[in-house]
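Colleague: I am new to this structure and would like to learn how to read it. Could you take me through some of its features, one at a time?

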Amino acid sequence: MQNIWQNIKKLKYPTLNDDLTCDVLIIGGGMSGILTAYYLNNSNLKVTLVEMNKIGQGTSGFTTGKINIIQGNTYNDLINNFGFNKAKKYLDSQLYGLSLIKENIVKNNIACNFEKTDSYVFTNDKSNVEKINKLKNFFDKTNYKTHIIKNLPINYQAIYGLKGEGYVFHPLKYLYGIANKIKGNIYENTKVINFIKEKNHYIVYTNKNKIKTKYLVFACNYPFFVFPGLMPLKLSTYKSYVWAAESLNQHFDAISIDNPNISIRYFENNLILGGFSHRTTTNINYKQNYLKLKNILKQNFNLKTTCIWSTTDVKTNDFLPFIGLISDNLYIVTGFNKWGMINSTLAGKIISNLILKKDNEYTELFQFHRALSKEKIKSLAYDSFYLTKRFISDKIKKNKDFYKECEVIKINGINYGVYTDENNQKHYAKNTCPHMGCTLIFNRQDKSWDCPCHASKFDIDGNILKGPSKNDIKKEN
Ligand SMILES: Cc1cc2nc3c(=O)[nH]c(=O)nc-3n(C[C@H](O)[C@H](O)[C@H](O)COP(=O)(O)OP(=O)(O)OC[C@H]3O[C@@H](n4cnc5c(N)ncnc54)[C@H](O)[C@@H]3O)c2cc1C
């Protein structure tokens, strides 16, 4: 699974081999877990972070790394759902998050290709022009400077849009730069599989050991538990595709609000084209989705491919991330809706402030326990509908195998995905996700079995690569 960010020297941390006791345990070494550990540096608390694979190899290592304030259609969604004041509060939070990123980079002298850009949001769909006007109106009222545009600074059509200020960076260099400054302990290849509450502390079970902690932070992109909080009812997963190609460098980034959406940025001598984002429960023909993106690259740019990749992110059903307390000393960070660069730094700050009992102006905005709203109910209904449809139709029909090198067969009543490699060797993995029982789909690009319901991912021999599943799907004997 190569991508453009992976071409740097990796940091290495030990595996946890003994039981331990700490004050704060953070689960997940992505951007949000690493930033939370960092912001607890100057406390007297003993902080431990555990990562089931290597740090920075989850969604944070496969992002497009735009530090974006305008964020597509987000503010229209927030206004529809919560009204102007909350949308304005979210804008303020993003500007605060941006200032934290700048401060972290300067204070720690992190060389991460951080660069100011012109940032565009655009449409090629006449019915979306009104949405752009509404965004402009919102930014005018909030005194955030944007300008209407009728084209992009490259040969790619945009009939209407907005231009503001943005930033881009190398996400993995930022993450490693922060990780290097963490004073607590980090353990890799240490997977959390369960936790229980005992009196005033938690006992957390990893694949080998147990950890006793007072505070527990789930920063694992999609938390694996159902209770507390009924998580699967409040979160949905989205998959997006990225295509990088050789190009002269340019100093802008852009995102469309159309369906399918397109995202553009540059890094060194590469154009990074992302998009075709979809609920993981729909559009499950990944090959077709990649090809659609490739066609855009070919038709509009005619450039030589550097690398391609895809990954998933999590969305809440009311468009605001969850950053905060879920029950006694149990904290959660998730649902960045594909705007995780600023939000993960902000999350680190908010969670550390909560643990250290310090005030933060944005704690209330992102709190987990918030009221139902019209859009939340609508989105919950949609997500549940697509999830149920996917679950039932895959159980009735044999899973579509889009690729000749893989098939689904039944052995002793259990469905197995069988992948035949270049040496004609067969690799077996159970075809059902241990998380909630959905049928897995083969992902040819990554040579993996992916869950369309909540985005767990397994290699061809059934080893878990990405949660929320905690278990492998290996074939016994
Ligand atoms: C294609 C794409 C492009 C994007 N581009 C942008 C962009 O340009 N700008 C932007 O702002 N946002 C972007 N995003 C969103 C952003 O990348 C994510 O929101 C952010 O990286 C999420 O960070 P995280 O720390 O929550 O998750 P992750 O980076 O996934 O980290 C979670 C970590 O937890 C670990 N973990 C999981 N379960 C366990 C367990 N049981 N035990 C131990 N460890 C566990 C995982 O291995 C992983 O390393 C994009 C998203 C996608 C899908």
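Modeller: Start with one pair of residues: phenylalanine 122 stands opposite serine 256 in E12. Keep in mind that this is a predicted model.

Colleague: How many bridges join E4 to strand E12, and in which sense do they run, parallel or antiparallel?

Modeller: Strands of a sheet pair through backbone hydrogen bonds, either parallel or antiparallel. Here E4 and strand E12 (residues 252–256) run parallel and are joined by 5 bridges. E4 (residues 115–123) also pairs with strand E6 (residues 160–168), with 9 bridges and an antiparallel course. To find that second pairing, look at valine 121, whose bridge partner in E6 is leucine 162.

Colleague: What do E12 and E13 form, and how many residues are between them?

Modeller: E12 and E13 form a hairpin, with 5 residues between the two strands. Their pairing is antiparallel, over 2 bridges. Isoleucine 255 has serine 263 of E13 as its bridge partner.

Colleague: Which strand do 6 bridges join to E13?

Modeller: That is strand E14 (residues 270–279), which runs antiparallel to E13. These two strands also form a hairpin, here with 2 residues between them, and glutamate 268 in the turn has a positive phi of about 45°. Tyrosine 266 is bridged to leucine 271 in E14.

Colleague: Which residues are on each side of E13, and are they buried or exposed?

Modeller: In a regular strand the side chains alternate between the two faces of the sheet. For E13, one side has Ile262, Ile264 and Tyr266, the other has Ser263, Arg265 and Phe267, and all of these are buried. Strand E13 (residues 262–267) is thus counted as mostly covered, with 6 of its 6 residues buried.

Colleague: Where are the edge strands in the open sheet of 4 strands?

Modeller: The order of that sheet is E21-E22-E23-E24, with antiparallel pairing. Strand E21 (441–443) and strand E24 (464–466) are the edges, each pairing on one side only. On average, neighbouring strands of the sheet are turned by 35° against each other, direction ignored. As for a single pair, strand E23 (residues 457–459) and E24 are joined in the antiparallel sense over 2 bridges, and lysine 457 has lysine 466 in E24 as its bridge partner.

Colleague: At what angle do H1 and H8 pack?

Modeller: Two packed helices are described by the angle between their axes and the distance between the axes. For H1 and H8 the angle is about 35°, and the axes are 8 Å apart. The crossing is right-handed. Among the residues that meet are Leu35 and Tyr38 from H1, and Ala347 and Ile351 from H8. By class, this contact has 6 nonpolar, 7 polar and 1 charged residues.

Colleague: Why is H1 described as largely enclosed?

Modeller: Because 9 of the 9 residues of H1 are buried, the helix is largely enclosed by the rest of the structure. Its buried residues include Met31, Ile34 and Tyr39. They pack against several elements, among them strand E1 (20–27), helix H5 (171–179) and H8.

Colleague: How many residues surround the ligand, and which are the closest?

Modeller: There are 41 residues around the ligand, and the closest are Gly28, Gly30, Gly58, Thr63 and Gly340. Elements giving two or more residues to this shell include helix H1 (31–39) and helix H8 (340–355). H8 supplies the largest share, 4 residues. The shell divides into 13 nonpolar, 22 polar and 6 charged residues.

Notes: Residues are numbered from 1 along each chain as its sequence is written. This is a predicted model: local features need pLDDT of at least 70, side-chain atom pairs count only at pLDDT 80 or more; totals for chains, interfaces and linings use all residues. A residue is near a molecule or strand if its C-beta atom, placed from the backbone, lies within 6 Å of it. Ala, Val, Leu, Ile, Met, Phe, Trp, Tyr, Cys and Pro count as nonpolar, Asp, Glu, Lys and Arg as charged, and the others, Gly among them, as polar. Axes are lines fitted to C-alpha atoms, for helices over the stretch in contact, and angles run from 0 to 180 degrees between N-to-C directions. A crossing is left-handed if the near helix is turned anticlockwise from the far one by less than a right angle, and right-handed if clockwise. Two residues are in contact if their C-beta atoms, placed from the backbone, lie within 7 Å. Two strands pair if DSSP finds at least two bridges between them. A residue is buried if 20 or more other C-beta atoms lie within 10 Å of its own, exposed if 12 or fewer, and partly exposed in between; C-beta atoms are placed from the backbone.
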